[in-house]
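This report describes one protein chain and is intended for a reader new to structural description. Please keep the sequence and the model in view while reading.

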Amino acid sequence: MPMAFVNPALVGKVLAEDLYSDAGVLLLPRRTVLTAAHVNALRNQRITRVSIADDLSEGNGEKISAQLLDKGGDRESAFCYLDAMEQTRRLFERVDLGQVPSLHEFCQAFHALAERTEERLGLFRSLYVLEGADSYTYRHSLNVGILCTLIARLLKWDEERVWLMGAAGFLHDIGKTRVPREILLKPGRLTDEEFAEMKRHTVYGYEILQQMEGGHETLAICALLHHERLDGSGYPEGRKDEQIPLECQVVAVADMFDAICSDRVYKQRTSPFEAARVLWKAACDGLLNIEIVSLFVHYIAQLYVGAKARLNSGEEVEVILIHRDEPMRPLVRRQGEFVDLRCHRQLSIEKMLG
């Protein structure tokens, strides 16, 4: 089990073994989710290091691997994804301890996975049938990097810019390593003070990437501005329209899509079709770049032809055809009959099944 120093970064992590005092008194049992009070108590006991459960080695990695294989992924791709998650975890933990790895180290963890996903789109489809919020931070970073690479290719950017966008998506949330874990992992609604601290992850990310060896200004700017919106309603600076670099607008689309499609501690995922609908509405309302959203939504929807899904009615269907005018409402097959979701507005695809 990995050992960790007793400091505020432990909050939200899980104790891997029973912890005893020098006198043999049980202080904390195995599987305790550590709080700030626990950390203070450990310091008072002059305990400097504790054994922490590794999210991936404690069964979550095996569970994710099994799901990827069950949903049509090949074994090599599943292990490539798990390896990237493990590398990401280790790199983020170093940032958490105040040691910022080089851009080269981060890119080694990410770009092999990005290339494999481009070669095997079945892996991409599998990402949005994974269940559970385990290792969400690492999965989200990887997924947004993959999505940014895809969007950059759809925009026909050159290879250097595509590579840079993948790194920007992968590192966009690195500032969350400085946000208290009790806020990141809180299952309920954040208070105004907690939300204000959560929003500071954009500034923290900018600061971290500014000091990264081999870093690039675009990466830092994307970390800072990926929550800005074209109508000025975003944060941290309330920028509008062309004040927001196009690269940041790409990350904003990828970030929102993956967040909607993934299980999180406070909500269950929904389908890529529902995420596409939310993105399209945000674009029509002037929040997101409509050109980026349109290209992305049409491409993503086509990837799910032939996939199984569940409607909000509870019925299982197969996606048969994507309409150009409304890609979020495809033609589906339900128990031998075809149902055009454009004509049945009360129905929607709630979850992908494989």
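Two strands are said to pair if DSSP finds at least two bridges between them. The model discussed here is predicted.

**Paired strands**

Strand 6 takes part in two pairings, listed below.

| Pair | Residues | Sense | Bridges |
|---|---|---|---|
| Strand 5 and strand 6 | 308–311 and 316–321 | antiparallel | three |
| Strand 6 and strand 7 | 316–321 and 331–334 | antiparallel | three |

Within the pairing of strand 5 with strand 6, Ala309 has Val317 as its bridge partner. These two strands form a hairpin with four residues between them, where Gly314 adopts a positive phi near 95°. On the side of strand 7, Leu331 is the bridge partner of Leu321.

**The chain as a whole**

The protein chain contains 14 helices and nine strands. Of its 354 residues, 53% are buried. Among contacts with a separation of 6 or more, 60% join residues that lie 24 or more positions apart. The exposed area of the chain is about 16200 Å², and carbon and sulfur atoms supply 50% of that area.

**The second largest pocket**

Which element contributes the most residues to the lining of the second largest pocket? Helix 13, residues 272–284, does so with five residues. The space in this pocket is about 160 Å³. Its lining includes Phe273, Trp280, Glu326 and Arg345. By class, the lining residues comprise six charged, four nonpolar and two polar.

Notes: Residues numbered from 1 in each chain as written. Predicted model: local features only at pLDDT ≥ 70, side-chain atom pairs only at ≥ 80, totals over all residues. Heavy atoms only, no water. Buried < 20%, exposed > 50% of the residue type's maximum accessible area, 1.4 Å probe, protein only. Contact = heavy atoms within 4.5 Å. Areas by Shrake-Rupley, 256 points an atom, 1.4 Å probe, with all protein chains shown as cover. 1 Å grid on protein atoms, 1.4 Å probe; cavity = no way out; pocket = protein on both sides within 12 Å on 5 of 7 lines; lining within 4 Å. Points joined across faces, edges and corners; volume = space filled by probe spheres on them. Nonpolar A, V, L, I, M, F, W, Y, C, P; charged D, E, K, R; others polar.
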